[in-house]
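Notebook, interface and salt bridges. I wanted to look up how the chains meet and which charged side chains pair.

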Amino acid sequence: MKLTLLVNGETRAVEADPQASLLQVLRDELDLTGCKYGCGEGQCGACTVLIGGRATRSCITPVGTAAGKQITTIEGLEKDGKLHPLQEAFIEADAMQCAYCTPGMILSALSLLHRTPSPTDAEIRQAMQGNLCRCGTYPRITKAIHAAAAQMRRPAK
Amino acid sequence: MSDWTFLEYDADLDIEIERYELAGVGGRVSDVEPRTACTDARHPTSDTLTRRDLLKVFGAGLVVLCLVDSSDAQESGGGRRQRFGGGQAPREIGAWIHVGEDGGITAFSGKAEVGQNARTSLTMVVAEELRVPITAVRMVMADTDLTPYDMGTFGSMTTPRMVPVLREAAAAARETLIDLAAAGLKCDRGSLDVEGGRIARRGSGDALTYGQVAKGRKLAQVIQPVVPTTPPAQWQIEGHPAHKVNAREMVTGRHKYTSDMKRPGMLYARVLRPEAVGATLVSADATAAEKLPGVKVIRTAQITGVVGPTQHAAGEAIASIKAEWKTEPSVSSSNLFEHLKKTAPNGGPMPDELTAALAHADVKLRAEYAVAYIAHAPLEPRAAVAEWNGDRLTVWTGTQRPFGVKEELASAFGMPLDRVRVFTPDTGSGYGGKHTGECAIEAARLAKEAGKPVKLVWTREEEFRFAYFRPAGVIEVESGVSKDGTLVAWDYHNYNSGGSAIQTPYDVAAKRTQFHNSRSPLRQGSYRGLAATANNFAREVHLDELAHAVMMDPLAFRLKNLKEPRLRAVLEAAAEKFGWGKAQPAPGHAFGLACGTEKGSVVATCAEIAMEPQANSGTLKPPKFHVVRAVTAFECGAIINPEHLQNQVEGAVIMGLGGALFEAIEFENGALTNPRFSKYRVPRFGDVPKLQTILLDRKDIPSAGAGETPIIAIAPAISNAVFAATGERLRSLPMMPGRA
């Protein structure tokens, strides 16, 4: 079935079974492999993308339900060679080891910061509870989120 | 090693990868021959590579190859690889470095990057010796055609074994470039300075870049690892923080893990599987699958699976197959520990000296400890992309043993080794769980039948069911201590879980230490720290029990019986930072500590827990608590990258919380009942206590690895804290099983 997806500000046409997961279609049809398969049951957050600015587990989202909505993947964060503050903060804080969880972490964090520009540690923990890092870099990710939040609160130049 | 005996027992489901790791590490050699066969393999890249071949592959310039002792490079069970250097001690090439005519520096290592940040530390080492910025060095890793043979990325060996080899090769390259520059500039090499890829004559404007020196050359130099290298006190790059070298690729999602890869014409695959270990396929009705567009059902003697045009189609196809499996009765988690003890051989009678020491001890103690099977659960599951070109096979796969997987593939297809190439892209972790090549072989079989490249990514459920586990184990300790707290007798038995860190680091005159090999009902193999996670748990809880029995403070008791200075140092550092003995815990809180050593490094952890109120239901339940704070002191010699080392230590402690508190594989009759993250709880943001990490930098000690040892003290520290809070000893891991 032909579907139209709005991904990172672009209109993309795909041919896909509407029951296929958004994750599979983004990765395999559109080559947006930043979102990852980790569990297939929405329990690890590696598949996280934003739909309408909110963190969504794309592995349990049928692609048919995402048609016509604003989808943001990790690939959409860098603008004209400039990294998003969250991406820069993750690098600065060394908030990754194998980095497989990183795109999902960044997007879940972005979703949080959209709603809560100055999150507390507790708010970060709660918002990020659905994202697994098996390498255990949680403390540095928390530090990166605080740093990015501060950067994002600064008035734009 | 004389008081450490292995008792043999046939256990065919064991993978025994641990045996590979025991050979040659720290001078200790296992006295056990590995059960899995080492193929009598020869690796053309090491064997027959001539100097001319190298230059043909890498282009003109300078190539430096560094030899290693083949006992370092080979797999246990005897090396049969061909050697460089005729009559002397057998050697192999450990690493090579190329300096090109454009001045580009490329270093090659057979190690794999699995999140431990070896790519970055190895790059730093080469940049240091060649006096260039980190960004000027390209690291090629884990390509069986381009990089030298390496037995695998495990055993915390990259830092103590690969780092010195690359360091030597880079230093030798630097020295050769200086010699060549001196000839080119017609001056004495003593008047030359090296910086930023340029060799300049002091006091004059004359200089040559590395590229200019390398231009027109076809030089290959084979060195022994005796080249003088930069001492740690003079390090400019090593010993300082450095970001992950490919961090930008990671945060932008540009890096392609194996599971992200696409090859022209590629199909997506799934394999038909049972639920239980050792089940055999009786029948499979694939009529529905065969009807799906673009889907091909593949059935051979070795594999039944499907390939399709999308992941979704392959998933639908495999789910539609009606399969009947024949299972064998097997063990369940409820009778696991009994089974492990029953199926292990006895160790024979206690030596008289030990019997006497126990008999004369003022206080005797006997206790039993147990650890469950746990899963590595790497976030990227096993994945492989396999492509046949005529009789050549190329496989991309996330593994810790690319050369091992190459051998497995060659063996599976009866092919010569030089027809197989394995790449390992930087991989979504392993933790000791990605040593074996099942997924690569499956993908290659399906690709051969399909006549097209195939990508196979295991589902999370498959990764839980069909990978392998950290062994479960039972540990029995009988000990004796004097009234004044001196250890006098120690009889230690580990059933099934293994020999890592089985030897006590404490001073005891009369002791016996035995590993008993049981029949494991589930597939088991390496895990981060291997059996050190179990042995250190049992030992450190038992030490605490002894301390309590003679009414001594746990820290004082350990220090009284411990001479080893490095272990004493981390114990004291952790206790000092934690405030051990200084502050009293808050109401409902308690403190515990533990230490340990393995693989050339030392760790100590102090933990603070807070008890949680429980509804009094009248039935016995494990105590409920959470970990408030953990202070860890760690030392592994000279630190190469302090930021990444801290990541490894804290990451290991956080991972260790899982094994300590809630992780356990549950199974009925050999089939897992919790093969999902929704049922197998792993540490999340909410589980992380306040962490403090002290890294002791010993520039006078050669750098050791840090991937594993930091995990071994957190579990006993927590158990000891729970005892301090409640008087209840938690001797079985996990300590809060089944808690959602």
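I looked up polar contacts first and found 36 residue pairs in polar contact between chain A and chain B, both residues at pLDDT 80 or more. I took a polar contact as a pair of N or O atoms within 3.5 Å; within protein, one must be able to donate a hydrogen and the other to accept it, and residues adjacent in sequence count only if both atoms are side-chain atoms.

I then listed the elements on the chain A side: α1 (22-29), α3 (85-92), α4 (102-115), α5 (121-128) and α6 (138-153) each supply at least two residues that touch chain B. The largest share, 5 residues, comes from α6(A). Helices (H or I, at least four residues) and strands (E, at least two) are DSSP runs, numbered from the N terminus.

Note on the source: this is a predicted model, in which local features need pLDDT of at least 70, side-chain atom pairs count only at pLDDT 80 or more, and totals for chains, interfaces and linings use all residues. Residues are numbered from 1 along each chain as its sequence is written, chains are lettered from A and ligands numbered from 1 in the order in which they are written, and side-chain values use heavy atoms, with hydrogens and water left out.

For extent, I noted 53 residues of chain A in contact (heavy atoms within 4.5 Å) with 59 residues of chain B. The buried area is about 4,700 Å², with 51% from carbon and sulfur atoms; buried area is the accessible area (1.4 Å probe) that two parts lose on being put together, summed over both.

Next I looked up salt bridges (a side-chain nitrogen of Lys or Arg within 4 Å of a carboxyl oxygen of Asp or Glu). There are 8 between chain A and chain B, and 51 over all chains. Arg134(A) and Glu663(B) form one at 4.0 Å, N to O.

Arg254(B) and Glu78(A) form another at 3.2 Å. Arg254(B) lies in the loop between α8 (247-251) and β10 (267-271) of chain B and Glu78(A) in the loop between β5 (70-72) and α3 of chain A, so this pair joins two chains. I also checked exposure: Arg254(B) is partly exposed at 45% relative accessibility (buried is under 20%, exposed over 50%, partly exposed in between; 1.4 Å probe, protein chains only).

Within chain B, Lys341(B) and Glu368(B) pair at 2.8 Å. Lys341(B) is in helix α11 (residues 336-342) and Glu368(B) in strand β15 (residues 363-371), so the bridge ties together parts 27 residues apart in sequence.

Last, I noted a salt-bridge network linking Glu41(A), Glu275(B), Glu461(B), Arg465(B) and Arg676(B).
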